[in-house]
Amino acid sequence: NLLAAASLRDTKAPAARAAMEAAAALNESGAAAPRLPAGGGNSSLELSSRPPAPAALNPWDVMLCVSGTAIACENALVVAIICYSPALRTPMFVLVGSLATADLLAGLGLILNFVFQYVIRSETVSLLTVGFLVASFAASVSSLLAITVDRYLSLYNALTYYSERTVLCIHTMLAGAWGVSLCLGLLPVLGWNCLHDRTSCSVVRPLTKSNVTLLSASFFLIFLIMLHLYIEICKIVCRHAHQIALQQHFLTASHYVTTKKGVSTLAIILGTFGASWLPFAIYCVVGDPDYPSVYTYATLLPATYNSMINPIIYAYRNQEIQRSMWVLFCGCFQAKVSFRSRSPSDV
């Protein structure tokens with residue numbers, strides 16, 4: 001038996017050595033190991049454990065993030081000033097505070113959109129961010145409409161403007177504006193999106209074509225209402241200037257200058273608003289999702305500039321806010337600086 005086992009071992013040794021030499025030669029040559037069957041368990045473990053490749057940085061996204069940062073900083077200062085100053089509690093400053101809050105949220109939304117796009121790439125997060133941006137910008141545009149209505153009422157009903165009825169009207173307008181804006185922002189989150197139907201996507205993913213059409217139609221309606229109200233404001237301003245001139249029995253050059261300045265300011269306000277939002281609103285209606293994304297960025301970026309200009313037009317030019325800024329930053333009011341309190345009808 002021992003001799004038989006030894007003989008068997010001797011016959012297997014050359015075959016085993018040959019197999020080991022073949023395996024060593026295969027490893028040294030760098031040949032790939034044979035692929036395991038589909039049910040081989042850990043065959044794809046190495047590939048699945050690799051982190052996804054980072055997305056290439058888009059310069060347009062960087063510009064939107066920079067724009068959002070500037071918007072957030074500007075409007076955060078306005079919100080802080082209005083909250084810090086107890087004297088700024090009139091309906092006019094409540095409206096300005098609503099506009100600054102909406103623009104502040106829009107700026108933060110642009111920053112979060114950039115962070116989540118390049119750090120946390122998730123369709124759910126993208127949906128929430130887009131809904132947040134839609135609600136914020138809708139609240140900003142609605143607040144601009146409320147400010148226009150307030151200016152019209154302050155001129156049309158000057159004698160009863162400071163009544164409690166006006167305060168109730170302002171608060172009702174703001175509640176309605178923010179409520180509608182919140183609903184518009186929730187629509188894509190609640191299912192009105194194109195995540196599961198790419199053919200229904202608009203130029204702004206993941207919003208559907210019908211969604212952006214609704215948003216654009218709402219903007220056009222608000223723009224037409226603001227245009228009508230500002231035309232009526234111009235008529236009232238010109239009529240008041242003419243009546244004052246007639247009471248003094250002659251038309252002075254100062255009245256023409258004042259009227260021209262007021263009309264020019266209204267034209268700048270409405271022109272800035274239209275130039276910022278009209279290109280994007282029109283492109284959302286006529287654009288196709290197959291068009292290059294640069295068209296969407298090129299029309300969306302100017303729209304964000306409106307939120308950057310709003311605090312300059314409606315807040316920083318106001319004398320009361322300027323005085324509050326002196327108190328906030330200097331700790332005391334310098335008497336040598338002259339301030340004139342403005343009424344809501346000042347433009």
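Start by selecting S140, which counts as buried at 2% relative accessibility; here buried means under 20% relative accessible area, exposed over 50%, and partly exposed in between, with a 1.4 Å probe and protein chains only. S140 sits in helix α5, residues 123-156. Helices are DSSP runs of H or I with at least four residues, strands are runs of E with at least two, and both are numbered from the N terminus. Now add W178 to the selection: S140 and W178 are 38 residues apart in sequence, while their C-alpha atoms lie 9.1 Å apart in space.

A word on what you have loaded: this is a predicted model, in which local features need pLDDT of at least 70 and side-chain atom pairs count only at pLDDT 80 or more, while totals for chains, interfaces and linings use all residues. Residues are numbered from 1 along each chain as its sequence is written, and side-chain values use heavy atoms, with hydrogens and water left out.

**The whole chain**

Zoom out and color by secondary structure. The chain has 10 helices and zero strands, so expect no arrows in the cartoon, because strands are the DSSP runs of E. Of its 347 residues, 38% count as buried.

Next, color the spans that the UniProt record, an unreviewed entry, lists as "transmembrane region": 60-85, 92-120, 126-147, 168-192, 212-231, 263-282 and 294-316. UniProt positions are given in the numbering used here, feature names are shortened, and annotations may be inferred rather than shown by experiment. Two of these spans are good places to try a distance tool. Residues 212-231 are 100% helix and 0% strand, with end C-alpha atoms 28 Å apart. Residues 294-316 are also 100% helix and 0% strand, and there the end C-alpha atoms lie 33 Å apart.

**The disulfide**

Select C194 and C201. They are joined by a disulfide, S to S 2.0 Å; the term covers a pair of cysteine sulfur atoms within 2.5 Å. A search of the whole structure finds one such link. Check the dihedral about the S-S bond: at 95°, the link is right-handed. C194 is buried at a relative accessible area of 0%, and C201 is buried at 3%.

Two other cysteines are worth a click. C65 counts as buried at 15% relative accessibility, whereas C183 is partly exposed at 49%.

**A cis peptide bond**

Move on to R205 and P206. The peptide bond from R205 to P206 is cis, with omega near 5°. Most peptide bonds are trans. P206 lies in the loop between α6 (164-189) and α7.

**Two salt bridges**

How many salt bridges does a search of the whole structure find? It finds two, a salt bridge being a side-chain nitrogen of Lys or Arg within 4 Å of a carboxyl oxygen of Asp or Glu.

For one of them, show the side chains of K235 and E232, whose closest N and O atoms are 3.8 Å apart. Both residues lie in helix α7 (residues 209-247), three residues apart, about one turn of the helix. K235 is partly exposed at 46%, and E232 is partly exposed at 23%.

For the other, go to E320 and R323, which meet in a salt bridge at 2.7 Å, N to O. This pair is in helix α10 (residues 319-330), three residues apart, about one turn of the helix. E320 is buried at 13%, while R323 is partly exposed at 30%.

**The second largest cavity**

Finish with the empty space inside. A search of the whole structure finds three cavities of 30 Å³ or more. A cavity here is a set of points, on a 1 Å grid over the protein atoms alone, where a 1.4 Å probe fits but cannot get out, and lining residues have an atom within 4 Å of a point. Grid points are joined across faces, edges and corners, and a volume is the space filled by probe spheres set on the points.

The second largest cavity holds about 40 Å³ of space. To frame it, select L144, M226, I269, T272, F273, N306, N310, I313 and Y314, which line this cavity. Helices α8 (253-286) and α9 (293-316) each supply at least two lining residues, and α9 gives the most, with four.

What classes of residue make up this lining? It has six nonpolar, three polar and no charged residues, where Ala, Val, Leu, Ile, Met, Phe, Trp, Tyr, Cys and Pro count as nonpolar, Asp, Glu, Lys and Arg as charged, and the others, Gly among them, as polar.

Terms used: 1 Å grid on protein atoms, 1.4 Å probe; cavity = no way out; pocket = protein on both sides within 12 Å on 5 of 7 lines; lining within 4 Å.
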